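User: I'd like to get better at reading how helices and strands pack. Could you walk me through an example?

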Amino acid sequence: DEDEFTGLSNRPTAFPVAADFKLSSVKDLNHMGLQKHETYGGIKYNHGTTTLGFVFKHGVLLAVDSRASMGSYIGSGSVKKVINISKYLLGTMAGGAADCSFWERNLAYQCRVHELREGKRISVAAASKLLGDTVYQYRGKGLSMGTMIAGWDETKGPTLYYIDDEGTRLKGNMFSTGSGSTYAYGVMDQGYRHDMSVEEAVELGKRSIYHATHRDAYSGGIINVFVIREDGWKQMFGADMNELHYGQFAEERARDEAARGAAQEHEQKQQ
């Protein structure tokens, strides 16, 4: 009673499927954000997110949203896109959630082994190099990653690196990745200063992610902001973007409209 090729039983199941029931064939792979994979010709989902990081006078700031999507399907609204590597190192998640989560946790293991062998914590540069070398070995094999590694070095202070699935590794003072990154860059470019206070930096990160989630359909959910300083990392903010939209930023918009109305009225009186 078994199929000679599959070894599976040919006996009827408790829930038989109608013989005339057929699944419709998928001809358009671009439907629902599906694309052919460059290497294997299979199916690849479009990913959406917004993550950002920048270096300032008092440390490194990371800010992220929490929406996980596959094309136009929202899989989750509470993904933790900042991954704890050590007390002084954090990584961000953009691209494939499984790829980023697995390889950054693997990086945490490698960093801990280094600490035990060398008797001191690993530098941000060395940690980013480990991750870059690891993903480079899988280049062209289907990984989807656009991550940042941020931390505080004992010698160099706040440091930020960008690593992607091709093995690209860049050091910089400001990065943003994901489908909403262009919106985040616009806000960051306008408000970034190296000599910001911690409170100003948190506000800039929060505002940048908010505007990205507001304009990018693939970003949303909870806005989480972290700051890494000399004594380690700490989460500085975490709230739903709708609370900001209908709360703090709604009040700001109302004040701005009132100020514009008063200015126009003053101009009309002078004329």
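**Helix pair and sheet**

Analyst: Let's start with handedness: H3 and H4 cross in the right-handed sense. Keep in mind that this is a predicted model.

User: Which residues of H3 and H4 make the contact?

Analyst: H3 brings Tyr183, Ala184, Val187, Met188 and Gly191, while H4 supplies Leu204, Arg207, Ser208, His211, Ala212 and Arg215. By character, the residues in this H3–H4 contact split into six nonpolar, three polar and two charged.

User: And how do I describe the geometry of a pair like that?

Analyst: In general, you give the angle between the two axes and the distance between them. Here, the axes of H3 (residues 181-191) and H4 (residues 198-215) cross at roughly 150° and come within 8 Å. Angles over 145 degrees count as roughly antiparallel, so that is how H3 and H4 run relative to each other.

User: Now the sheet. In what order do the five strands come, and is the pairing parallel or antiparallel?

Analyst: The general idea is that strands pair through backbone hydrogen bonds, in either sense. In this case the order is S7-S8-S9-S10-S11, an open sheet with antiparallel pairing. S7 (82-86) and S11 (169-171) are the edge strands, each pairing on one side only. From one strand to the next, the twist averages 20°.

User: Can we zoom in on one strand pair?

Analyst: Sure. S8 (residues 89-92) and S9 (residues 146-153) are joined by three bridges in the antiparallel sense. Leucine 89, for instance, has glycine 151 in S9 as its bridge partner.

User: Which strands does helix H1 touch?

Analyst: H1 (residues 97-118) packs on the sheet against S7, S8 and S9, and its direction makes about 15° with that of S7.

Definitions and conventions. Residues are numbered from 1 along each chain as its sequence is written. This is a predicted model: local features need pLDDT of at least 70, side-chain atom pairs count only at pLDDT 80 or more; totals for chains, interfaces and linings use all residues. Side-chain values use heavy atoms; hydrogens and water are left out. Axes are lines fitted to C-alpha atoms, for helices over the stretch in contact, and angles run from 0 to 180 degrees between N-to-C directions. Helices (H or I, at least four residues) and strands (E, at least two) are DSSP runs, numbered from the N terminus. Angles under 35 degrees count as roughly parallel, over 145 as roughly antiparallel, 65 to 115 as roughly perpendicular and the rest as oblique. A crossing is left-handed if the near helix is turned anticlockwise from the far one by less than a right angle, and right-handed if clockwise. Contact means heavy atoms within 4.5 Å. Ala, Val, Leu, Ile, Met, Phe, Trp, Tyr, Cys and Pro count as nonpolar, Asp, Glu, Lys and Arg as charged, and the others, Gly among them, as polar. Two strands pair if DSSP finds at least two bridges between them.
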